[in-house]
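Work through these short exercises with the model open beside you. Try each task before you read its solution.

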4 protein chains.
Amino acid sequence: MPRGGRPREERVDAAILSATRDLLAEGGYAGLTVAAVAARAGIGKAAIYRRHATKQEMVFAAAVHGLDLEPPPDQGSLRAELGWLTGVIAETLSGPAVAGALGGLLTDMNDDAVVSRMRETFVAHQRTHVIAVLDRAVTRGELAARPDPAVVHALLLGPIFAWLFVLREPGDVRGFAEALAGMAAAALTGG
Amino acid sequence: MPRGGRPREERVDAAILSATRDLLAEGGYAGLTVAAVAARAGIGKAAIYRRHATKQEMVFAAAVHGLDLEPPPDQGSLRAELGWLTGVIAETLSGPAVAGALGGLLTDMNDDAVVSRMRETFVAHQRTHVIAVLDRAVTRGELAARPDPAVVHALLLGPIFAWLFVLREPGDVRGFAEALAGMAAAALTGG
Amino acid sequence: MPRGGRPREERVDAAILSATRDLLAEGGYAGLTVAAVAARAGIGKAAIYRRHATKQEMVFAAAVHGLDLEPPPDQGSLRAELGWLTGVIAETLSGPAVAGALGGLLTDMNDDAVVSRMRETFVAHQRTHVIAVLDRAVTRGELAARPDPAVVHALLLGPIFAWLFVLREPGDVRGFAEALAGMAAAALTGG
Amino acid sequence: MPRGGRPREERVDAAILSATRDLLAEGGYAGLTVAAVAARAGIGKAAIYRRHATKQEMVFAAAVHGLDLEPPPDQGSLRAELGWLTGVIAETLSGPAVAGALGGLLTDMNDDAVVSRMRETFVAHQRTHVIAVLDRAVTRGELAARPDPAVVHALLLGPIFAWLFVLREPGDVRGFAEALAGMAAAALTGG
DNA sequence: GTGTAACCGAGACGGTACGTCCTGTCTTGCC
DNA sequence: GGCAAGACAGGACGTACCGTCTCGGTTACAC
């Protein structure tokens, strides 16, 4: 499509995302200004809006993008694979940028197109891995039938989310994630 | 201390909270204006700021206040009591005002005093009931020892929260809450 | 008219006017608030509005009222009487309360009833004395016919007003008033 | 210093001042709203505050700016030149925008920087012309020595100011200005 | 080479919400 | 009924931010 013109500088893309992550960690979603991101990145506001339609999209790109989990390796048992999943989710959500951004994204996502992007990227990606783990458990014979992946996803993601953002328990997230995996395995096999 | 002066009108308190809930349900947290609340309530902005230091505090008061759950009646079994708890939580979170407000509150709650209020009111209240249910299960002999209430709270609240606000599954929340109770019971007794 | 009830306390009347004059001298008309007057006077706002319909009326009463000049004694010559007039006007206008209030009163007086009160009290009173002085000069034979009193009034009041409020010359007002009287006498007799 | 950035649009400067003058003429200083100026000018409030620090500065710029008198031509006699000066001053002060603004400016000018601007622009400009006229009169031999320009300035400006804003005489301002010039000439030469 | 088109930093633009302040009225309980 | 205290409706102020647009100038690809 673009027949001519100067190509975009990758340096600018990176500077935007980096500055956004910095400022998210410093002041959270509220208190994040597009002008501040531009200033911190040493660029102009137009360069941001050339890449991200709204502030939300920019934050989404900075905080959520690149959270792609590598496909989960077969760990030999449902219990171990759930532990791997909850561990990855906990690691994903506990970064400073994500911590600052997620609440804000949920806010402004009421009507926007950001919500669908969020679902497509963040949710769908994790969902794929949940399905893979469940299917392997069925193959192994640990589960008689594959449960609803959405339910299992909520069961894994939800407690970690609540732990971090609603209850804000100061304790160790990794330990909680591990305990959660045990309880989830018991619920799925014993329930 | 204030010995004289005109007392505040309860009518105004109620009108503020009612208008806030209406507008939250209509347009969500974003799109909620203090001026619009004042206009809808038929009052002046000063009357709002006399009661709530910021917009966030007002929304918190409107959406979270009055979510007091009545103490959970003894349902005879852990499974039944967990069903009662998840049902109440699901009902609490799925109201239109809460739905519109919670994300917004999480956003602006990074540094504010709102976060502590949230914890004291919303979280602590539910926690009390969680503890009561667990203690009764121990008395009944369904549980050998009382698990960490914070963990159980996260296990119950988290999936519902995720279901509603992160995954945004369109399906029946009550059904999900009931299934969640079954899985939680299995996890606690069988794990 | 007042058939029953507690009579107004004169103490309050005085406290209002005194506090108003103090605050006018301190912060000028802008920066004067009714609440501040009430606080300074140790009274309530209602007590002010029971006596003065608007803030402007209160300021008017505090700054302009009581500026009644005693009738000008016959000084023996037009020149001396003009000196007496300009001296009194200068003294009247150079008080700290008047200085702070006059500009503000001129502002808000565009549509109000304050303007007519201003004219009736402040202007008409001075005008009477101008007329008396001019008539005596005619009787003495210093003037062939009585000039338009409004013109003479403007000729005497205007330069002092400008000196104080527009040009804001730091110099001695009394000296200027005296020089003005001399020039006015020359203009009236020699013109 | 500002090497880059979008330059300010002169159209906006002009629209602000024009709208301010219109609204001053319509509703006076009281009743003038920054928001109303912005709406009338078809611009945003920020564009106003980028140019004028306060509402007062904006009004000052709109009402007082551009009142530059052209240098007074030699009219051949002190009497004629004073008539020219008083005529210009009367014309300047009797415009609708100035009429609405001046009182308001005097009000808020008690502590502000507006007062110095006023002096530098409005007062100093007229003073220059007063000095020129007096010097020519000395050269012509009409005056033995140059009187204090501040005194003469007050003598010319003051009565017109009082006539318009304090006494609010409904009569012809131009006629009064002409009469004033005659009296001033008599005072200066005969006194 | 030389166009041309899109890029770049900087910052002004229209619009809108915020939280503060002030006015003039009203409402308590006390005197 | 007056009084101190202070809440009430309404509305302007000045600040801050968003997403768009406009400058002067730069940089790569196509001709």
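**Exercise 1. Decide how α9(A) and α9(B) are oriented to each other, then list what meets there.**

Solution. Start with the verdict: α9(A) and α9(B) are roughly perpendicular to each other. The verdict follows from the angle, because 65 to 115 degrees counts as roughly perpendicular, under 35 as roughly parallel, over 145 as roughly antiparallel and the rest as oblique. Here the axes of helix α9 (residues 173-190) of chain A and helix α9 (residues 173-190) of chain B cross at roughly 110 degrees and come within 7 Å. Axes are lines fitted to C-alpha atoms, for helices over the stretch in contact, and angles run from 0 to 180 degrees between N-to-C directions.

Next, the residues. From α9(A) come A:M183, A:A186, A:A187, A:L188 and A:G190, and they meet B:M183, B:A186, B:A187, B:L188 and B:G190 in α9(B). Contact means heavy atoms within 4.5 Å. Sort these residues by kind: eight are nonpolar, two polar and none charged. Ala, Val, Leu, Ile, Met, Phe, Trp, Tyr, Cys and Pro count as nonpolar, Asp, Glu, Lys and Arg as charged, and the others, Gly among them, as polar.

A note on the source. This is a predicted model, in which local features need pLDDT of at least 70 and side-chain atom pairs count only at pLDDT 80 or more, while totals for chains, interfaces and linings use all residues. Residues are numbered from 1 along each chain as its sequence is written, chains are lettered from A and ligands numbered from 1 in the order in which they are written, and side-chain values use heavy atoms, with hydrogens and water left out.

**Exercise 2. Describe the secondary structure and the box of chain A.**

Solution. Count the elements: chain A has nine helices and zero strands. Helices (H or I, at least four residues) and strands (E, at least two) are DSSP runs, numbered from the N terminus. Read from that end, the order is α-α-α-α-α-α-α-α-α. Now take the principal axes: the C-alpha atoms of chain A fill a box of roughly 60 × 45 × 30 Å.

**Exercise 3. Find which chains touch and how much area they bury.**

Solution. Take chains A and B. Chain B gives 41 residues to the contact and chain A gives 40. Together they bury about 3300 Å², 71% of it on carbon and sulfur atoms. Buried area is the accessible area (1.4 Å probe) that two parts lose on being put together, summed over both. On the side of chain B, B:V166, B:L167 and B:R168 supply 18% of the area buried against chain A, more than any other three residues.

Turn to chains C and D. Here 40 residues of chain C contact 40 residues of chain D. The buried area is about 3300 Å², with 71% from carbon and sulfur atoms.

Now check two other pairs. Chains B and C have no contact, and their closest C-alpha atoms lie 10 Å apart. Chains A and D do not touch either; their nearest C-alpha atoms are 10 Å apart.

**Exercise 4. Say which residues lie around DNA strand E, and give some polar contacts.**

Solution. There are 49 residues around DNA strand E, and A:I43, A:R50, B:Y49, D:R50 and D:R51 come nearest. A residue is near a strand if one of its heavy atoms lies within 4 Å of it. On the DNA side, sugar and phosphate make up 67% of the atoms of strand E within 4 Å of the protein. By kind, the residues are 18 nonpolar, 13 polar and 18 charged.

Look for polar contacts (pairs of N or O atoms within 3.5 Å; within protein, one must be able to donate a hydrogen and the other to accept it, and residues adjacent in sequence count only if both atoms are side-chain atoms).

- A:R50 has a polar side-chain atom 2.2 Å from a phosphate oxygen of strand E.
- C:L32 has a polar backbone atom 3.4 Å from a phosphate oxygen of strand E.
- C:K45 has a polar side-chain atom 2.9 Å from a base oxygen of strand E.

**Exercise 5. Which element gives the most residues to the surface near DNA strand F?**

Solution. The answer is α3(B), with five residues. Around strand F there are 50 residues, and B:G5, B:R50, B:R51, C:I43 and D:Y49 come nearest. Finish with one base contact: a polar side-chain atom of B:R6 lies 3.2 Å from a base nitrogen of strand F.
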